[in-house]
Amino acid sequence: MTLESFWIWASRSISVAAEANAYDAWFRVKVQAALEDARGGTSQVQVMQAAQALIDAKRQGQSKP
């Protein structure tokens with residue numbers, strides 16, 4: 001490895017590490033905000049019922065041969 005190629009490799013490694021650290025910090029902020037969110041959530045049962053209603057509505061709208 002030449003000195004020039006080493007510096008290119010090192011700068012890329014530093015860049016990747018900086019991006020990883022920035023993403024980690026962003027992700028932690030998002031997770032903390034979600035944990036502190038006081039709004040009520042939607043239960044899994046409610047989501048599944050809404051999904052099933054959508055599926056049923058789409059099926060009823062299909063034309064039968």
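**Reading helix 1 and its side chains**

Modeller: Welcome! Let's start with Asp 24 and Arg 28, which are separated by about one helical turn because they are four residues apart in helix 1. Please keep in mind that this is a predicted model.

Colleague: Thanks! What do the side chains of Asp 24 and Arg 28 meet in?

Modeller: To call a salt bridge, we look for a side-chain nitrogen of Lys or Arg within 4 Å of a carboxyl oxygen of Asp or Glu. Here the N to O distance is 2.9 Å, and the side chains of Asp 24 and Arg 28 meet in a salt bridge.

Colleague: How many salt bridges does the count come to?

Modeller: The count is two. The side chains of Asp 37 and Arg 39 also form a salt bridge, at 2.7 Å from N to O.

Colleague: How do I read accessibility for these residues: is Arg 28 buried or exposed?

Modeller: Under 20% relative accessible area means buried, over 50% means exposed, and partly exposed lies in between. Arg 28 has 57% relative accessibility, so it counts as exposed, whereas Asp 24 is partly exposed at 35%. In the other salt bridge, Arg 39 is exposed with 67%, and Asp 37 is partly exposed with 32%.

Colleague: Now the rings, please. How many aromatic pairs does a search of the whole structure find?

Modeller: Two aromatic pairs turn up in the whole structure. In one of them, the ring centres of Tyr 23 and Trp 26 are 5.5 Å apart and the planes meet at 40°, so the pair is tilted. Tyr 23 also pairs with Phe 27, with 6.1 Å between the centres and 20° between the planes, and this pair is stacked.

Colleague: Why is one pair tilted and the other stacked?

Modeller: The angle decides, because planes under 30 degrees apart count as stacked, those over 60 as edge-to-face, and the rest as tilted.

Colleague: And where do these residues sit along the chain?

Modeller: In helix 1, Tyr 23 and Trp 26 are three residues apart, about one helical turn; Tyr 23 and Phe 27 are four residues apart, again about one helical turn. Tyr 23, Trp 26 and Phe 27 form one aromatic cluster. Trp 26 is partly exposed at 46%, and Phe 27 is partly exposed at 42%.

Colleague: One last feature: which residues form a nonpolar patch on the surface?

Modeller: They are Met 1, Leu 3, Phe 6, Trp 7 and Trp 9, with about 670 Å² of accessible area together. Leu 3 lies in helix 1, which covers residues 3-36, and Leu 3 counts as exposed at 60% relative accessibility.

Terms used: Residues are numbered from 1 along each chain as its sequence is written. This is a predicted model: local features need pLDDT of at least 70, side-chain atom pairs count only at pLDDT 80 or more; totals for chains, interfaces and linings use all residues. Side-chain values use heavy atoms; hydrogens and water are left out. Patches are made of residues with over 30% relative accessible area and no salt bridge: like charges are joined within 9 Å, nonpolar side chains (Val, Leu, Ile, Met, Phe, Trp, Tyr) within 5 Å. Accessible areas come from the Shrake-Rupley method with a 1.4 Å probe; for residues, only the protein chains shown count as cover. Helices (H or I, at least four residues) and strands (E, at least two) are DSSP runs, numbered from the N terminus. Buried means under 20% relative accessible area, exposed over 50%, partly exposed in between (1.4 Å probe, protein chains only). Rings of Phe, Tyr and Trp (its six-membered ring) pair if their centres lie within 6.5 Å; planes under 30 degrees apart count as stacked, over 60 as edge-to-face and the rest as tilted.
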